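User: Please take a close look at a single part of this structure and describe what surrounds it. After that, place it in the wider picture for someone who has not seen the model before.

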Amino acid sequence: MEILEYGFMQRALLASLMVGLVAPAVGVFLVQRRLSLLGDGLGHVALTGVAVGVLTATAPVGTALVAAVLGAVLIELVRARGRTSGDVALAVLFYGGIAGGVVLLSLAPRGQATNLDAYLFGAITTTSTADVTVFLVITLIVLGVVALLGRRLYAVSDDEEYARAVGLPVLALNMVLATLVACTVVLSMRVVGLLLISALMIVPSAVAQLVARSFRTTVYLACAIGVVVSVAGTTASYYAGTPSGGTIVLLAIALFLLVTAALAVRDTSARRRHRRRADVHAAHPHEHGQGCGHVPVPHGDHVDYDHDGHLHAPHRTGAGLHYDEHGAHAVATPPIEEASRP
Amino acid sequence: MTGTQGAGPGRGPAIRLRDASIGYGDVSIVAHVDLTVGHGEAVAVLGSNGSGKTTLARGLLGLAAVLDGEVEVLGAPVGRLPGPRGRVGYVPQRHTVSGAVPATVREVVGVGRLARLGLFRRLGPGDRSVVADAVAAVGLSDRMNDPVASLSGGQQRRVLVARALAAEPELLIMDEPTAGVDAASQEALAAVLADVSATGTTLAVVTHETGPLAGVLRRAVVVDHGRISYDGPLAGAEPGTGGHHHSDDPVEPEGRGYRLDQLRVTPDAARARLGGS
């Protein structure tokens, strides 16, 4: 593949693979905690770190990491105070972060690479070998912490008050999660950019929770979706000449809309099928019960009735007795019941 | 269900409040309250809306601040580490369990086990069987792998009870477990609490109606205006023997003549009734 012949594209694809895996693994917890925009805010704060890095001629990835982690800890301390001013304090921190970044970058001496767009929206060609090494370390740390503490992070994100009542270290766990978000923001800044990183944390999770039944499945599915859209988006941006961050996010949102639409179609047709069968059985002259001739089949917590090979689960509705279809029935019908059938 | 029997002699009572004031910020909602609950007791904490009964329970859990006096739970002052970590079960007043992200009954109840495991230990086979037992105790074994969002409101409340049971608590604190729950789930809950109580677990149930749980809860503590206005046998509070009561009346400390149904009288209704008589 031509795309893999270039060193910068190899590094970009590696980075997008790691971003796609890590961002949703952290993002699911943010969605559960209803703090979807935390990544966005820490992205703002990281910009000041980038500016400091540019001004002091150190690697901006390192200074961005320091700024984002400090911001994360500060945010959790403000939230733990639990006053109404917490919301305003967060806004001040977030906008202070981006304003500080813009102003500091403008002070950089001429000739310095101060392309603001590259940090805000991602620029894959800027991913250096050193960046890839840092990203790999961040990826391993974040995934390791999620694997180790995932159940606790879920507990705190799901019901903070309960977690506090039973003695889980709520503040510490919240700080761990915020720090993971900060690390993910920095990991993502080359590929997706600081303004769009939140989308890659949230949208794959939003898709996964449409179809998953458990939290664990949601995490795995979100990570898989993240990797696919991230790598596919980076590849597409190379051929189309579009910015990688925007391409990845648009791809993720397209997937979200597609799955939402598919589920809506499925639900509608299921309802229609249900109604159609209900019409058929409206012509059904009797209620299932003892001696109706249909074989009763225990099914979980209720009794279905075998109706020519498929199961009927009777339930009361406003319009009278109604039967849900509970699938085909594999049990052979005993001949004695067969004989009693009208 | 419960691993540790509560009634260790010399360990003091399960709950002890001495001249305790509990509240939020600088505001005391419960003021200068004395209360002792022994191990294995089953206590109803009663009171009208705004009486402070929930704040009292939250004070025991470290969710409301102890502003004055002493609050000890399972022999340790509330809020001081290590405290009663993992030995207290809590069923919050919450009508649904489902969060933004789907989670199965098994996952939600599994959270209840975490407090027993410290910060890093994973759920082992023993823990998993305790979780399964807790789910079985509330009659939801066949829904173990279903998303909690697919359960009815009453079933979701039973999931919260199972989550508390999974900690194998020595003290179980519940906030309005029967409010808004259908009759079948209320009966199931009463049966579960009877079993839990029989193992020696101390029960403290905040409620405004003891009806469904009257067979389990033996003692009633009535909170009124942030103070305990009655403390005595639940059975002693027979209906139909007292006169009119409204929330400003002192309740007779003997407990005779206290009518449970009067607890449901709102301050407005009480004032209207008083004005009419």
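Analyst: Setting aside neighbours within four places in sequence, L172(B) is in contact with eleven listed partners that include G89(B), Y90(B) and V91(B). Also in contact with L172(B) are A164(B) and L165(B), then L193(B) and V196(B), and finally T201(B), T202(B), L203(B) and A204(B). The model is predicted.

L172(B) belongs to the largest nonpolar core, a set of 160 residues. Within this core, L172(B) is among the residues with the most contacts, together with L17(B), V109(B), V159(B) and L193(B). L193(B) thus appears in both lists: it is a contact of L172(B), and it is named among the residues with the most contacts inside the core. The element that gives the most to this core is in chain A: helix 1 (residues 7-32), with 14 residues.

Another part of chain B to look at is T54(B), in helix 1 (residues 53-61) of that chain. T54(B) has a relative accessible area of 24%, so it counts as partly exposed, the class between under 20% and over 50%. Neighbours within four places aside, T54(B) is in contact with D175(B) and V206(B). The C-alpha atoms of T54(B) and T207(B) are separated by 8.7 Å, although their positions lie 153 residues apart along the chain.

Chains A and B meet in a contact that takes 30 residues from chain A and 37 residues from chain B. The area buried between the two chains is about 2900 Å², and carbon and sulfur atoms give 54% of that area. Three salt bridges are found across this interface. E161(A) and R58(B) form a salt bridge, with their closest N and O atoms 2.9 Å apart.

Chain A has twelve helices and four strands. Of its 342 residues, 46% count as buried. Among contacts in chain A between residues at least 6 apart in sequence, 69% join residues at least 24 apart. The accessible surface of chain A is about 16200 Å², with 66% belonging to carbon and sulfur atoms.

On that surface, L55(A), V103(A) and L107(A) form a nonpolar patch, with about 260 Å² of accessible area together. L107(A) is found in the loop between helix 4 (85-106) and helix 5 (116-121) of chain A. Its relative accessible area is 57%, so L107(A) is exposed.

Technical notes
Residues numbered from 1 in each chain as written. Chains lettered and ligands numbered in written order. Predicted model: local features only at pLDDT ≥ 70, side-chain atom pairs only at ≥ 80, totals over all residues. Heavy atoms only, no water. Core = buried A, V, L, I, M, F, W, Y, C linked by side-chain atoms within 4.5 Å. Buried < 20%, exposed > 50% of the residue type's maximum accessible area, 1.4 Å probe, protein only. Helix = DSSP H or I, 4+ residues; strand = E, 2+ residues; numbered from the N terminus. Contact = heavy atoms within 4.5 Å. Patch = residues over 30% accessible without salt bridge, like charges linked within 9 Å, V, L, I, M, F, W, Y side chains within 5 Å. Areas by Shrake-Rupley, 256 points an atom, 1.4 Å probe, with all protein chains shown as cover. Salt bridge = Lys/Arg side-chain N within 4 Å of Asp/Glu carboxyl O. Buried area = accessible area lost by both parts, 1.4 Å probe.
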